[in-house]
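This report walks through the sheets, the helices packed on them, and the ligand site. Follow along in the model.

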Amino acid sequence: MIPGAFEYHRPETLGEATGLLSQLGDSARVLAGGHSLIPMMKLRMAAPEHLIDLAAIADLRGIAVGDDIRIGAMVTQAELIAHDGLAAACPLLREAALQIADPQVRYVGTVGGNVANGDPGNDMPGLMQCLGARYSLAGPGGTREVAARDFYISAYETARADDEILTGILVPHPAPGTGYAYEKQKRKIGDYATAAAAVTIGRNGASVAMTNLADRPIWSEAAGKALAAGDAAGAVAAALAEIDPGDDNRGPAEFKRHVAGVMLRRAIDRARARMG
Ligand code: FAD
């Protein structure tokens with residue numbers, strides 16, 4: 001299918017991009033890798049009159065492993081996977097990114113697009129919630145940070161204002177010896193999750209998040225607390241009490257609830273086995 005007509009903009013600085021976004025208002029959308037937005041436009045589920053391509057903005061690129069880990073919004077999923085320093089500092093990021101779609105999508109799809117999109121099927125939002133990441137946003141009024149755990153409101157509705165651009169993601173270093181796992185069940189290679197679970201367990205606590213099991217990613221504080229106390233069954237029960245899957249072509253809600261429990265139990269077992 002063919003998308004509706006649109007005007008293409010390619011700003012070279014963040015200031016130009018936020019300026020265009022405020023000036024053009026509701027009629028404009030930013031374009032990152034285009035692997036969620038362009039299919040939506042082809043299906044005519046999105047019909048922006050202006051696309052503001054972020055590809056030429058150097059400030060949105062790059063990965064820096066310092067006091068925090070900073071991932072620029074326009075870093076592709078493939079760049080994230082290939083970055084050795086990042087894989088050493090936070091291996092869960094790489095493990096989850098490798099389960100997104102297929103190499104073709106990962107060469108173009110960006111980390112910023114994945115977390116800003118607001119699609120409950122995206123893998124990185126739950127992952128970022130599990131890791132306690134923060135998102136940097138820039139708009140006409142300046143910059144601000146929002147915790148990933150506070151960012152997702154409902155499907156395609158996030159804390160990002162229409163005139164803000166997500167510029168990067170800040171991930172705290174996991175404590176030494178932290179066990180981690182991302183477990184995802186999908187119908188075939190390249191598919192979104194039927195159910196997925198992200199888990200970290202360290203000496204200072206545990207964290208649990210679930211993907212594609214509600215209208216937003218679910219970070220379960222109660223599951224993390226149960227897991228930190230050594231109660232894996234309690235953690236699974238607590239997380240399952242917070243999800244709200246629906247029936248669709250990936251199966252009925254009851255089946256997804258079952259798969260969610262299996263994925264989370266596997267993630268817990270693997271994370272525990274990896275604790276240092
Ligand atoms: P785009 O499509 O360009 O943008 C997506 C949305 O986010 C748009 O509304 C855009 O305006 C907004 N946006 C993008 N960047 C910013 C920014 N910096 N600031 C503010 N708003 C922004 N994803 C998964 O997680 N798991 C999967 O298993 C998976 N499977 C896929 C399979 C196929 C066949 C395809 C085509 C895609 C799949 N995806 C999957 C989606 C893919 O990962 C996308 O690349 C990702 O969801 C969006 O990233 P993007 O860079 O392509 O963003």
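Helix α8 (residues 124-131) lies across β11, β12 (195-202), β13 and β14. Its direction runs at about 165° to β13. The model is a predicted one.

**The four-stranded sheet**

The strands under α8 belong to an open sheet. Its order is β11-β12-β13-β14, and the pairing is antiparallel. β11 (179-185) and β14 (218-219) stand at the edges with a single partner strand each, so one side of each has no neighbour in the sheet. Strand β13 (residues 205-211) and β14 run antiparallel and are joined by two bridges. Within that pairing, A209 has W219 of β14 as its bridge partner.

A second helix uses this sheet too. α10 lies across β12 and β13, and runs at about 140° to β13.

**The helix pair α10 and α11**

Two packed helices are described by the angle between their axes and the distance between the axes. Helix α10 (residues 221-228) and helix α11 (residues 232-242) pack at about 180°, with axes 7 Å apart. That makes α10 roughly antiparallel to α11. On the α10 side, the contact is made by A222, A223, A226 and L227. On the α11 side, A232, G234, A235, A238 and A239 make it. By class, this contact has eight nonpolar residues, one polar residue and no charged ones.

**The five-stranded sheet**

Another open sheet has five strands, in the order β4-β5-β10-β6-β7, with antiparallel pairing. β4 (63-65) and β7 (142-147) are its edge strands; each has a single partner strand, so one side of each is left without a neighbour in the sheet. From one strand to the next, the twist averages 20°.

Start at the β4 edge. A hairpin of two residues joins β4 to β5. β4 and strand β5 (residues 68-72) pair in the antiparallel sense over three bridges. I63 stands opposite I71 in β5. V65 has I69 of β5 as its bridge partner. One strand further along, β5 and β10 pair in the antiparallel sense over five bridges. There, G72 has G168 of β10 as its bridge partner.

The table collects strand pairings from both sheets.

| Strand pair | Sense | Bridges | A facing pair |
|---|---|---|---|
| β4 and β5 | antiparallel | three | I63 and I71 |
| β5 and β10 | antiparallel | five | G72 and G168 |
| β13 and β14 | antiparallel | two | A209 and W219 |

**Domains and the ligand site**

How is the protein divided into domains? The assignment gives domain 1 (7-53), domain 2 (58-172) and domain 3 (181-273). Taken over C-alpha atoms, the centres of domain 1 and domain 3 are 33 Å apart.

Where does the ligand lie relative to domain 1 and domain 2? Both domains give residues to the shell around the ligand, so it lies between them. Of the 29 residues around the ligand, A32, G33, H35, G109 and G113 come nearest.

Several elements feed this shell. β2 (28-31), α2 (37-42), α7 (111-116) and β10 each supply at least two residues. α7 gives the most, with four residues. β10 thus appears twice in this account: in the shell around the ligand, and in the five-stranded sheet. By class, the shell residues divide into 15 nonpolar, twelve polar and two charged.

Conventions:
Residues are numbered from 1 along each chain as its sequence is written. This is a predicted model: local features need pLDDT of at least 70, side-chain atom pairs count only at pLDDT 80 or more; totals for chains, interfaces and linings use all residues. Two strands pair if DSSP finds at least two bridges between them. Axes are lines fitted to C-alpha atoms, for helices over the stretch in contact, and angles run from 0 to 180 degrees between N-to-C directions. Angles under 35 degrees count as roughly parallel, over 145 as roughly antiparallel, 65 to 115 as roughly perpendicular and the rest as oblique. Two residues are in contact if their C-beta atoms, placed from the backbone, lie within 7 Å. Ala, Val, Leu, Ile, Met, Phe, Trp, Tyr, Cys and Pro count as nonpolar, Asp, Glu, Lys and Arg as charged, and the others, Gly among them, as polar. A residue is near a molecule or strand if its C-beta atom, placed from the backbone, lies within 6 Å of it. Domain bounds come from an automatic or database domain assignment.
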